[in-house]
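Biologist: I'd love a close look at a single part of this structure, namely the nonpolar core and what surrounds it. Could you walk me through it slowly, and then add a few places elsewhere for contrast?

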Amino acid sequence: FSAHADAEISPPLPPGKRTAVKYVLTGEGAGSLFKIDENSGDIHATKRLDREEKAYYILHAKAVNRVTNVALEGQSEFVIKIHDINDNEPRFTRDPYVARVPEMSDIGTSVIQVTATDADDSTYGNSARVVYSILEGQPYFSVDPETGLIKTALPGMDREVKENYQVVIQAKDMAGQNGGLSGTATVNIALSDVNDNPPRFTKTLYDFRVPESIELGSAVGLIRAVDADIGENAEMDYRIIGSDGPGMFDVTTNRSTQEGVVVLRKPLDFEKKRQYSLRIQVENAHANSRFFSAGPFRDEATVKVTVEDVDEPPVFERASYVMEVKEDTARNTAIGSVSASDPDDKNSLVRYSIDRRTDMDRMFNVHAGNGSVFLLRELDREENAWHNISVIATEFSKCSISRAPVYVRVLDVNDNAPAFATGYETFVCENAKRIQTVSATDPDTPLGGHRFFFSLAQEAAGKANFSVRDNKDNTAWILTRRNSYNSLQKSVYHVPVVISDGEYPMQSSTNTLTVRVCTCDREGNMKLCNAEALTARAGLSTGALVAILLCVVILLMIVVLFAALRRQRKKEPLIISKEDVRDNVVSYNDEGGGEEDTQAFDIGTLRNPEAIEESKQRRDIVPEAFYPAAVRRPAPPPIRDHNGDVRDFINQRLQDNDGDPTAPPYDSLATYAYEGSGSAAESLSSLESATTEGEQDYNYLSEWGPRFKKLADMYGGDDGDSDS
């Protein structure tokens, strides 16, 4: 140890007193690292000391009385310094190290610097002086012994030959002398890629076969070049540097695979050209001029494209056809023609037809052999100015077809007469001079525009009270020839106006203007017009008129219902009995009678025979004044019983119906019900009467006219006809 005492050392105690002295040690490590002999005062270390942990210690020592522990002298301080020895090897800051250096780098190119540290005292001897050396990695790399900088030691290191290197670096203290301690570290060095290799095609000739029907923009084939480099240094660009079909093909680069894609840009035609030859060049997209001296960084290859034949549909000479035809062109007139040919065989025949889905009205047709388009019906430009149809071309020997649009424009001809545009009716005051300004319209559309001429109709020119003045601008004034009108004398006038156009052939029409004269005040406001004018001026809508009529009908129905109720209250029934059941079945099977027939079947008359009005005329038959009297048979003698009055009445009515020639057109089934006992009348219907047709003379029916012709034929025939 090296110790340093700051206090003065007292003279030694007399021998007699030494046994009474005891030495005491205090301070850093006292009692644990350091001990003092209390009798002699010698200080000893109890453990191995490490300078790297603590370089020095400060201790205090004093002498005290062994009995009383009273200090015999002042306290002394000791500084104990620990001298360094080479007990620590150098240690690298990282392990392993990773570094990259471009391939083909020059000698001495820096790669990475390594660092090692030594815990020993660098100020004392060479224990902490480190020297670097390379244990593995020669002859590719070297290391600076003082700084630890690793550099390339071999030129032309090629990544494509060897990419990764492992270098072992040693750090040794004691300046590298024998006996020094050392440590090692591994450095993994990778060569980064540079564009030092050109692209190369895998083969010099590529052969592709494609059908002539391939669509534009489709890939014809793939070509591939390889490059030993990686990343962007391996990116390539392809281009066509020579072709016997300029513009037919193009080549692009697939960036994910670095392949060249040959693409079709123009349609192929087997009949025109069956093979194409291309020269394609490839080169790096990011070339490095440092390596141009090694040779060209590009390559070339030949591509042959063979076109295969396919069955193609007929091809029209034009993509579309436009034809013009006048609207007055007669049927079966040719308006144009289409032409198509088979691209596979020019001598192959083609058949033409109309696509009827585009000509639903069958206005056109086409000659199957020569493609002439002609009319099946006359056209009307005012109905449809353009017709768009499709013509189908079909090969005779094959099923392939093609279509061509045909646009037919209908040209206008002057086939429509002009007419009033507005103003077919007008209302004027009695003193009006100018009645109306009229204009005309015409569906035709002449090239120079319309020019209409107005004049008064020839049949009304001499006697009419009006005149027509043509304004030369397709309008005309209707003027009066006298000073005033009197609406009381005549309230409605009709002015015939002839309108002609200026085209060839000239068309004209006569249009009538209705003039209604009204009474007006001084300011010209109309006060009174005729009934038609008032109705027109009132302007009632159809809905309003219907509502008014409906209200009138409802009011009439209410009045009729009220009158019927009052009449029913005043009428006294002939039979007042709750058990009286009245049946009156009336069947109307002809156009006569109607509700009036019900008067003939009033059951009340049966109950009250005295109520019969002999002079009352029946409304269900034609009056006898217009027709000959009916031939009546004498009535059979009545059977007398307690119901004789009723029986006599019924028999009388039965005879009237059987013998009345006017009854058939107004006949109806009348059923009389009678609640009595022992009735001997049996059937009372005239339809079931025992009287036969032969007992009556119906010849007079033929004299009644066409209305009774059918009855005359039925009843007026001879016996032979009736028997048959």
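Modeller: Happy to; what follows starts with the core and then moves outward to other parts of the chain.

First, how to read it: this is a predicted model, in which local features need pLDDT of at least 70, side-chain atom pairs count only at pLDDT 80 or more, and totals for chains, interfaces and linings use all residues. Residues are numbered from 1 along each chain as its sequence is written, and side-chain values use heavy atoms, with hydrogens and water left out.

Let's begin with the core itself. A nonpolar core here is a set of buried Ala, Val, Leu, Ile, Met, Phe, Trp, Tyr and Cys residues joined through side-chain atoms within 4.5 Å. Buried means under 20% relative accessible area, exposed means over 50%, and partly exposed is in between (1.4 Å probe, protein chains only). The largest such core has 25 residues, and those with the most contacts inside it are Phe201, Ile223, Tyr238, Phe249 and Leu268. At least two residues of this core come from each of strand 16, strand 17 (219–226), strand 18 (236–243), strand 19, strand 20 (259–264), strand 21 and strand 22. Strands are DSSP runs (E, at least two residues), numbered from the N terminus. In soluble globular proteins, nonpolar side chains tend to be buried together.

Ile223 makes a good vantage point. Leaving aside its neighbours within four places in sequence, Ile223 is in contact (heavy atoms within 4.5 Å) with Phe201, Tyr206, Phe208, Tyr238, Val251, Glu259, Gly260, Ile280 and Val303. Several of these names come back in an aromatic cluster, which is formed by Phe201, Tyr206, Phe208 and Tyr238.

Tyr206 and Phe208 take us to strand 16 (residues 205–211). Its covered face holds Tyr206, Phe208 and Val210, while Leu205, Asp207, Arg209 and Pro211 make up the uncovered one. Strand 16 runs parallel to strand 22 (residues 298–308), and seven bridges join them; two strands pair if DSSP finds at least two bridges between them. Across this pairing, Tyr206 has Val303 as its bridge partner, and Val303 is also one of the contacts of Ile223.

Now for the rings. A pair of aromatic rings is described by the distance of the centres and the angle of the planes. Rings of Phe, Tyr and Trp (its six-membered ring) pair if their centres lie within 6.5 Å; planes under 30 degrees apart count as stacked, over 60 as edge-to-face and the rest as tilted. Nine aromatic pairs turn up in a search of the whole structure. In one of them, the ring centres of Phe249 and Tyr276 are 5.4 Å apart and the planes stand at 75 degrees, so the pair is edge-to-face. Phe249 belongs to strand 19 (residues 249–254) and Tyr276 to strand 21 (residues 275–284), so the pair ties together parts that are 27 residues apart in sequence. Phe249 and Tyr276 are both buried.

Tyr276 has a further partner: the charged end of Lys273 sits over its ring, 5.2 Å from the centre. For that label, NZ of Lys or CZ of Arg must be within 6 Å of the ring centre and within 35 degrees of the ring normal. Arg451 and Phe453 give another case, with the charged end of Arg451 placed 4.4 Å from the ring centre of Phe453.

For contrast, here are two loop residues. Arg381 is in the loop between strand 29 (372–375) and strand 30 (386–395), and it counts as buried because its relative accessible area is 14%. Its side chain reaches the backbone oxygen of Pro443 at 2.7 Å. Beyond its neighbours within four places in sequence, the contacts of Arg381 are Glu327, Val410, Leu411, Asp412, Pro443, Asp444 and Thr445.

Ala153 is in the loop between strand 12 (149–152) and strand 13 (164–172), and its relative accessibility of 28% makes it partly exposed. Ala153 and Ile107 are 46 residues apart in sequence, yet 5.1 Å apart in space, C-alpha to C-alpha.

Last, a stop at strand 39 (residues 508–520). Strand 38 (residues 492–501) pairs with strand 39 in the antiparallel sense over nine bridges, and the two form a hairpin with six residues between them. Strand 33 (residues 425–429) runs parallel to strand 39, with five bridges joining them.

How values were computed:
Helix = DSSP H or I, 4+ residues; strand = E, 2+ residues; numbered from the N terminus. Polar contact = N/O pair within 3.5 Å; in protein donor to acceptor, adjacent residues only side chain to side chain.
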